[in-house]
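Visitor: I should like to learn how to read the arrangement of chains and strands in a structure. May we begin with the model itself?

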2 protein chains.
Amino acid sequence: MNNFNFYSPTFFAFGKDRENETGEYVKRFGGSKVLIVYGGGSVIRSGLLDRVRASLDREAIPCVLLGGVKPNPRSGLVYEGIELSRKENVDFVLAVGGGSVIDTSKAIAAGAVYDGDFWDFYCGKPIEKALPVGTILTIAAAGSEGSPDSVITREKGMLKRGASGDAIRPCFSILNPALTQSLSAYQSACGITDIMAHLYERYLTNTEEVEVTDRLIEALLLTMIHEGPRVIEDPDHYEARANIMWAGMMAHNNSCGVGRSQDWNSHNIEHELSALYDCAHGAGLAVTMPAVFTYVMHHNVMRFAQVAVRVWGCQMDYAHPEVTAKAGIEALRCFLHSIGMPGNFAELGAREEDIPYLVDTLCNGNGRSGSISGFVTLDRKDCTEIYRLMV
Amino acid sequence: MNNFNFYSPTFFAFGKDRENETGEYVKRFGGSKVLIVYGGGSVIRSGLLDRVRASLDREAIPCVLLGGVKPNPRSGLVYEGIELSRKENVDFVLAVGGGSVIDTSKAIAAGAVYDGDFWDFYCGKPIEKALPVGTILTIAAAGSEGSPDSVITREKGMLKRGASGDAIRPCFSILNPALTQSLSAYQSACGITDIMAHLYERYLTNTEEVEVTDRLIEALLLTMIHEGPRVIEDPDHYEARANIMWAGMMAHNNSCGVGRSQDWNSHNIEHELSALYDCAHGAGLAVTMPAVFTYVMHHNVMRFAQVAVRVWGCQMDYAHPEVTAKAGIEALRCFLHSIGMPGNFAELGAREEDIPYLVDTLCNGNGRSGSISGFVTLDRKDCTEIYRLMV
């Protein structure tokens, strides 16, 4: 196991009706005027925004609204939010929504107290300070409610890039599983896939002797396999939603990823797809993961055999571990199909003829020089092969 | 799943040589003069105390020393520490040791800024403020490095009681697995048993639909079963020590216990043993757990069958689940025996004739009125039967 730091100071208020306590938490964490960031009209239609504002009202905390965050959130709205925050002199950013809303809020929070262009942070500049951020989560997926990460797409060149820093870690996150009951089966499946990807990206490590984090990751994957189909079958299943919601946070606050190298190449390869086609990140990952895993499997067959046996219940073929390893990848593919996720480029709306462009942006965009590193370092040829496996 | 709050803001610095960064963390968390609390001479002999003091010196942070904490730590030294803290005007308490040292430090930290008797907190008074506490952990066991809990024994009447509060949660904890390599096999086994007990106490729940936390607890139990025997066989096994150390923290910071009722009756029943006989807490738990589980098994046979199958690898007897449940308890008993833990009163140094006294103190001491509650509410007769099962 490698040396590491772990710091996850977010206060989580989990359960039914907890959004009614928003005002109390904003106050506790020092907010006196709030920018509320949200997406489309669903938080208005459901009455959630009203409940949140009523809670702020009870603490006499004024707020300013910024709606319109879209999936694969864009830099345009971030600039708008930064300007609004400064103009209105807010001292707290409250995200009401999913990963895109939270990531936009984090970007605004960092940008509002920075003199330069916020995009600098997405090109590697460390985030040293930010307005405090709170979240009210409406979809279990990105794990942004408990992470120091944010992913934003810059319109110019459609570059999808990430930034990270403890300053943008939410000070509180309200997780009410009932708020996720209104999601469609497709949205739910995208979230499930994203959570499973966060787990697989940590599982694929080159660090030895990491039994504790292996076991924790497997535990969360097993949870997703058990609970996922229940919410697809019955979107109103509170208990299944609750289990997925906590698993989604634990999958990405890094308690199960510490002390080990991680992969993140499935995310890198997928980001080009959702940047170009504006497909759902989870749907992109469903197509990406089996292709990546098939391509890199031989780098460490026993690792793939281990997850196949421990998570997917495959029988170990001791004479031919690669058979077991492959069976585990197939089990993942079948599971993703069973919850309604796409399995190839066509189902995703991607085009084979774009592969050279995807590879260019992936391997040579934003400061990369011909390859991406992770569990296996993948060069342009590798990435081309992987995209072809998805066709 | 029940509604819950989760808040675990401790900064963890994990890995080799991290104690050399102590000064930096004390400074980061606001300390300018430190009370260092430790146990016997081992931290002096090993050079650990010198390294810690050198690190404080580099940041020009003065310190005062308080040694002599014993296992099952006593209130006497807490009073001494409170007086010393006030006299020396320290603003930070640094624990260098295991759970007893950390729990003593927490009690001192709370007592130093409280006008009344610190024991009030161990009789149920909420802890509202305390000096900040940091820890340098030397044994993986109690989980106190990441918890808001402290257990102290009052000499008068030998009452062993707990207190809890976010104010005494460590602001940082340094976890260097190499520091645990000097522990004897017996001390290591006691720690392993304590960690497993923290997991079982959370596993035994009356809350339904808690798959995610069930799976996380099972993951940590599986880790202990894998890594435990490796450190008993080879005390210098850094990697096994590292896996156990992180599992020990995760087992008790409650990330795997949220949203569910918990038991804690094995701990309650054991506390009377270590209070009366001054035996190691882990050794007491090794004798207590199988007896308690055997006694309460029929309250929820399927829960015991589940842990038997998922953790201990027992075959499920679908026609007779109680056979599987019992096999899991036997597997636990055998495991604890295999790592050198006692299995009955005689091996622990306890006496059958003391049972009436143990039951009195347990069920009617410190404000209890004839029973203890948990997974199953146990009255005096139940507790008598359970102690008898240990003879």
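Guide: Copies are superposed by least squares on the C-alpha atoms of residues with pLDDT of at least 70 in both. This is a predicted model, in which local features need pLDDT of at least 70, side-chain atom pairs count only at pLDDT 80 or more, and totals for chains, interfaces and linings use all residues. Residues are numbered from 1 along each chain as its sequence is written, while chains are lettered from A and ligands numbered from 1 in the order in which they are written.

Visitor: By what turn and shift can chain B be laid on chain A?

Guide: Two copies of a chain are related by a rotation about an axis and a shift along it. Here a turn of 180 degrees with a shift of 0.0 Å along the axis lays chain B on chain A, with an RMSD of 0.0 Å. That is the relation of a two-fold axis. In chain B, the C-alpha nearest the axis belongs to B:Pro9, 1.8 Å from it.

Visitor: What is the strand order of the open sheet?

Guide: Strands of a sheet pair through backbone hydrogen bonds, either parallel or antiparallel. Strands are DSSP runs (E, at least two residues; helices are H or I, at least four), numbered from the N terminus, and two strands pair if DSSP finds at least two bridges between them. The open sheet has 12 strands with mixed pairing, in the order E3(A)-E2(A)-E4(A)-E5(A)-E8(A)-E1(A)-E1(B)-E8(B)-E5(B)-E4(B)-E2(B)-E3(B). Strand E3 (63-66) of chain A and strand E3 (63-66) of chain B stand at the edges, each with a single partner strand, so one side of each lacks a neighbour in the sheet.

Visitor: How many bridges join E4 to E5 in chain B?

Guide: Strand E4 (residues 92-97) and strand E5 (residues 133-137) of chain B run parallel, joined by 5 bridges. B:Gly97 has B:Leu137 in E5(B) as its bridge partner.
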